[in-house]
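User: Could you take a close look at the place where the two chains meet? I would like one connected account of that part.

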Amino acid sequence: MRPELNSMHHAHSSPPGLPQLSLTLDASAAGVAQAQQAVEQVLTACGSAMGTRARALLLIEEAIMNVAMHGHASGTGPHQVQLALRLFAESIELSLSDDGRPFDPCHAVMPARPTHLAQAQPGGLGVQLMRRFARDMHYERRDGINLLRLWLDR
Amino acid sequence: MEIEFIEATSGRAVIVRLQGQLDTRGVDQIEARFNAAVVATGHDSLVDLGGLSVITSMGIRMLISAAKAASQRDKRLVLFGAQGIVHEALDSAALDTLIPTAPDQPQALAKLAR
């Protein structure tokens, strides 16, 4: 059983100067807002540029909303995700874990891009944006848990 | 950051200026007003994205949905002013193949005039 955390905390298992963030959130728009506020605080305190913060906020929304909208059968919510942030000298690592359906955004086949407005259908944009704005992505599934890690330049 | 919605007119076109984050929460806050401004009025519309700091897939979806609804009423919607990460996101979605885009308001107005 994965550990549950009832409140935001800063873990200090990393070397000094590399603060971590670890949250348990609802997979929902409210959870996204909570995560974004906490991540923005950490990144602002560490002097991250506005563009970096904006990328992090976008990646957080796309990853959490993907779970909210597609991770579980409708009507079975609310569900939770765990978000962690680690800072390295050159990069920021965002980790998201959930117990939803298996989904690998690194290798999922995206729908063909529409060429006319009338053809445009919802779906696939979130994963596209994650691939565009994350410098690197890694997915694995272990013991029924999805773990997605995203890296962006610091 | 809250999303802000500013409505103006230029000739026969409605101009909507968006400021803040057009993410899931931002869309929830303004989608009804946005659709009322760019679809229900029966005018062509310009949408100024210059004040946005972030646009997510939900925000892009809102723009596409509004553009489709306007098109069904034979009205046009032109986006302009996207910068930085917003411009990158729209480029990633190849949105300019679906909705006319321009770097600034004069060029956006010129697209409406064609």
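Analyst: Happy to help; here is a walk through the interface, followed by the core.

Please keep in mind that this is a predicted model. Chain B brings 26 residues to the contact and chain A brings 27 residues. Together the two chains bury about 2,200 Å², and carbon and sulfur atoms account for 60% of that area. On the side of chain B, B:Ile85, B:Ser92 and B:Leu98 supply 25% of the area buried against chain A, more than any other three residues.

Polar and charged pairs also take part. The rule finds three salt bridges across the interface. A:Arg132 forms a salt bridge with B:Glu88, with 3.7 Å between the closest N and O atoms. Seven residue pairs are in polar contact across the interface, both residues being at pLDDT 80 or more. As for the elements involved, helix H1 (24-40), strand S3 (45-55), helix H2 (57-72) and helix H3 (84-92) of chain B each give two or more residues to the side that touches chain A. H2(B) provides the largest share of that side, eight residues.

Now for the core. The largest nonpolar core has 72 residues, and B:Leu18, B:Phe34, B:Ile60 and B:Ile99 touch the most other members. Helix H2 (residues 50-70) of chain A gives the most to this core, nine residues. Leaving aside residues up to four places away in sequence, B:Ile99 touches A:Leu117 from the partner chain, along with B:Leu63, B:Ile64, B:Ala67, B:Leu77 and B:Leu79. A second, separate core has eight residues, including B:Leu46, B:Val78, B:Phe80 and B:Ala102.

Conventions:
Residues are numbered from 1 along each chain as its sequence is written. Chains are lettered from A and ligands numbered from 1 in the order in which they are written. This is a predicted model: local features need pLDDT of at least 70, side-chain atom pairs count only at pLDDT 80 or more; totals for chains, interfaces and linings use all residues. Side-chain values use heavy atoms; hydrogens and water are left out. A nonpolar core is a set of buried Ala, Val, Leu, Ile, Met, Phe, Trp, Tyr and Cys residues joined through side-chain atoms within 4.5 Å. Buried means under 20% relative accessible area, exposed over 50%, partly exposed in between (1.4 Å probe, protein chains only). Helices (H or I, at least four residues) and strands (E, at least two) are DSSP runs, numbered from the N terminus. Contact means heavy atoms within 4.5 Å. Buried area is the accessible area (1.4 Å probe) that two parts lose on being put together, summed over both. A salt bridge is a side-chain nitrogen of Lys or Arg within 4 Å of a carboxyl oxygen of Asp or Glu. A polar contact is a pair of N or O atoms within 3.5 Å; within protein, one must be able to donate a hydrogen and the other to accept it, and residues adjacent in sequence count only if both atoms are side-chain atoms.
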